[in-house]
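This report covers the fold, the strand pairing, the salt bridges and one loop residue of a single chain. The sequence and structure come first.

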Amino acid sequence: MKKFLLLILIISFSVNAQQETVDLKWKINDTLTYKTVMENIVIEQEQKEKEADTIFGEASDIFKNMRESVKNLKYLTKLYPDKMGNIDIAMLIKEDKTDTTDNLFTGMAKMNGNIVLRGKVSANGKLLSFYYKSSQNNLISILFELPNKPVKVGDKWNLKVDMIGMDQNFVADTLFKKNEVYLDKIIEKDGDQIAIIKYDIEEFVAGDFGNEMMVMFMKDSDEKTFMRMTHKAIGHFSVNKGMWIEYDGNMEIQTNISMMGLGGNNRTEFKLTPE
């Protein structure tokens with residue numbers, strides 16, 4: 001009987017712990033540095049895409065070579081408080097003194113102190129840097145945006161992201177968007193509460209380009225132009241310390257648009273590890 005009551009108490013305690021709300025906030029008093037992985041991997045490149053790339057000849061090869069060189073870069077991301085208590089974010093290329101070569105990307109980064117990404121969030125994790133391009137803010141959001149309100153296990157929220165960007169020449173006839181982040185569970189580790197947060201984001205669009213020039217970049221001009229982008233990630237956020245202990249994600253792009261070696265299916269791996 002005593003064992004049964006003890007089991008009931010343990011189960012009750014566990015259920016109550018999972019129903020407890022937590023306030024996920026950045027608690028940064030000084031500079032917090034993360035070793036950052038942002039590695040792009042080409043999943044596949046079909047023959048039709050290769051044929052499309054030949055339109056640009058040497059220019060296509062230059063972009064492919066630049067993509068290969070960027071693949072090997074190492075990054076650091078620094079978070080530090082501003083005067084208003086918000087969090088400034090700067091991602092920069094980690095200098096490799098053994099590599100003296102430069103490409104267009106690294107050359108331009110050097111002109112800006114090796115910084116390749118900037119952003120700003122509130123201590124509650126709300127995206128504040130509206131003044132930067134969407135492509136920049138998308139990365140800040142998927143890596144550093146928090147729910148901006150107390151949450152409990154099972155609660156869901158959205159990120160301020162729009163990953164696909166077409167221009168006025170594109171007319172969509174099929175579209176889909178899923179933007180879901182949720183608190184999966186809370187675990188206790190070394191006296192700390194760790195919030196396990198999962199990301200499930202997907203965007204899809206298909207249609208036609210009114211611009212005949214864009215048809216040249218299609219793998220097959222008879223099929224609809226399409227693009228699908230997904231981001232799946234799991235983050236371990238320390239409630240007590242107010243920081244990521246670990247973040248591991250994958251962003252995938254599937255498309256039948258090919259231009260200067262930048263088409264096909266690609267996956268970008270993201271990892272944040274405190275330095």
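Buried means under 20% relative accessible area, exposed means over 50%, and partly exposed lies in between (1.4 Å probe, protein chains only). By these limits K156 is exposed, because its relative accessible area is 51%. The model is predicted, so local features are reported at pLDDT of at least 70 and side-chain atom pairs at pLDDT 80 or more, while totals for chains, interfaces and linings use all residues. Residues are numbered from 1 along each chain as its sequence is written, and side-chain values use heavy atoms, without hydrogens and water.

**Overall features**

The chain has 6 helices and 10 strands. Helices (H or I, at least four residues) and strands (E, at least two) are DSSP runs, numbered from the N terminus. Of the 275 residues in the chain, 41% are buried. The chain exposes about 15700 Å², and carbon and sulfur atoms supply 54% of this area; accessible areas come from the Shrake-Rupley method with a 1.4 Å probe, and for residues only the protein chains shown count as cover. A contact means heavy atoms within 4.5 Å. Among contacts between residues at least 6 apart in sequence, 65% join residues at least 24 apart.

**Strands β6, β7 and β8**

Strand β7 spans residues 192–209, and 16 of its 18 residues are buried, so β7 is largely enclosed by the rest of the structure. Two strands pair if DSSP finds at least two bridges between them. β7 pairs with β6 in the antiparallel sense over 18 bridges, and with β8, also antiparallel, over 14 bridges. In the β6 pairing, N179 stands opposite I201 of β7; in the β8 pairing, E203 stands opposite M229 of β8. β6 and β7 form a hairpin with 2 residues between them, and D190 in the turn has a positive phi of about 55°.

**Salt bridges**

The whole structure contains 15 salt bridges, each a side-chain nitrogen of Lys or Arg within 4 Å of a carboxyl oxygen of Asp or Glu. Three of them are listed here.

| Pair | Distance, N to O |
|---|---|
| K120 and D88 | 2.6 Å |
| K156 and E180 | 3.7 Å |
| D173 and K224 | 2.8 Å |

K120 lies in strand β4 (residues 115–121) and D88 in strand β3 (residues 87–93), so their salt bridge ties together parts that are 32 residues apart in sequence. Both K120 and D88 are buried. K156 is in strand β5 (residues 156–157) and E180 in strand β6 (residues 170–189), so this pair ties together parts 24 residues apart in sequence. E180 counts as partly exposed because its relative accessibility is 22%.

The third pair links distant parts of the chain, with D173 in strand β6 and K224 in the loop between α6 (212–215) and β8, 51 residues apart. D173 is partly exposed at 44% relative accessibility, and K224 is partly exposed at 39%. Salt bridges that share partners also join D82, D88 and K120 into one network.

**Residue V239**

V239 lies in the loop between β8 (225–238) and β9 (243–255). Is V239 buried or exposed? With a relative accessible area of 9%, V239 is buried. Leaving aside neighbours within four places in sequence, V239 contacts V22, D23, L24, K27, D192, Q193 and A195. V239 and K27 are 212 residues apart in sequence, and their C-alpha atoms are 9.2 Å apart in space.
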